[in-house]
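I opened this one with no background and went through it piece by piece. Here are my notes.

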Amino acid sequence: MKSYHVNMGAGLDGLLIKEHDVPIPGPGEVLVRVRACSLNFRELMILALGYYPLPIRPDVVPVSDGAGEVAAIGEGVTRAQVGDRVAGAIFPHWNNGPFEQHTSDQLGGSLDGMLTEYALLPEEGIVHIPDHLSFEEAATLPCAAVTAWNALTGGQPVLAGDTLLTLGSGGVSLFALQLAKVLGARVIVTTSSAEKAERLKALGADEVINYRTTPDWHLAVRALTDGRGVDYVVEVGGPNTIVQSIKSIRFEGEIALIGAVARDTPANNNNIPALYNAAIINVARLRTIAAGSCSQFRAVSQAIATSKLRPVIDRVFPFEEAKAAYQYYQQSQPFGKVVITLP
């Protein structure tokens, strides 16, 4: 079998392919023949930026997200059978409850990830994927869909009739839009172009604000909500957008902080006083999101299966062109997920 390996901060030239024996699953383990995996901003942080908040093991197999079919099971496994279609949970030891240090082992971090032909996973860390999804579509779920689901349901849950603000057209934002519509919410989205605005409306966005032509977009959000503000914000822009997100929220509304994935975030953007003042004035609730648990993955998979939701994929690359997939993801602004497929 073949797998890719990386070291923290090694750059794209440090994405190396190696050959190994196919592992044999031990007690409680499942061997998955990986059929597709997808990239998240965390992959660029690890390889290109050389920074990630959780431990990264040297020479680790990268990529947290992947799906495939069970090739073999170890002794005592009861949750899977050979041939089952499954995906790996990013935090395979975090089944439920709060995120804690002892559950923070992560695929593609302290544990080998999914950019490999065969992945050895603990039984509790696999989730059966919806029947209507291809492996390529299912591979987009473990990080982006679970994070979006956690943002929408893990705190103060989004209910039918609520109003949600999402930012941009990255993986988490698109899943948040689609899942919020499944839950019956009204969704306002910010974007950078008329072409993306049309695509977002086709996915169900009720209102779209072009932040390039409307730089004070928080005022437009207020206008669209009769001055009240939105009930929720899925915040992915970091220092560039957090103050405006807070100014967009209603009193005691909730902001899910996903992390700074904006590609043009200034290096020394110190807006802590503005952030503090905005949070106090708007009585905002800020909740940071660390992807989600295995139980949240199972819940969002069920919601996707029931609603027949289809993930948005921007482009698919073959396994042999994994470096090109990284380069494309790094240099472009994909609308949806970048996927790597295996035969």
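**Helix 9 to begin with**

In helix 9, I listed these as buried: Cys294, Ser295, Gln296, Phe297, Val300, Ser301, Ala303 and Ile304. Worth remembering that I'm looking at a predicted model.

I checked the length next. Helix 9 covers residues 294-307, which is 14 residues. From first C-alpha to last, helix 9 reaches 20 Å, close to the 20 Å expected at 1.5 Å a residue.

A general reminder to myself: an α-helix has 3.6 residues a turn, so residues three or four places apart point the same way.

What covers the buried residues of helix 9? I found that the cover includes strand 5 (85-88), strand 7 (126-128), helix 3 (141-153) and helix 4.

Then I looked just past the end: Lys308 follows helix 9, and its phi is positive, near 60°.

**Over to strand 9**

Helix 4 (residues 171-182) led me here, as it belongs to a right-handed β-α-β unit with strand 8 and strand 9. Strand 8 (residues 163-167) pairs with strand 9 in the parallel sense, over five bridges. I noted Leu164 standing opposite Val187 of strand 9.

Strand 10 (residues 207-210) also runs parallel to strand 9, and four bridges join the two. Here Ile188 stands opposite Glu207 of strand 10. Helix 5 (residues 194-202) makes a right-handed β-α-β unit with strand 9 and strand 10.

Last lookup: why is strand 9 largely enclosed by the rest of the structure? Five of its six residues (186-191) are buried, so that is how I wrote it down.

Key:
Residues are numbered from 1 along each chain as its sequence is written. This is a predicted model: local features need pLDDT of at least 70, side-chain atom pairs count only at pLDDT 80 or more; totals for chains, interfaces and linings use all residues. Side-chain values use heavy atoms; hydrogens and water are left out. Buried means under 20% relative accessible area, exposed over 50%, partly exposed in between (1.4 Å probe, protein chains only). Two strands pair if DSSP finds at least two bridges between them. A crossover is right-handed if, with the strands pointing away from the viewer, the path from the first strand over the helix to the second runs clockwise. The expected span of a helix is 1.5 Å times one less than its number of residues. Contact means heavy atoms within 4.5 Å.
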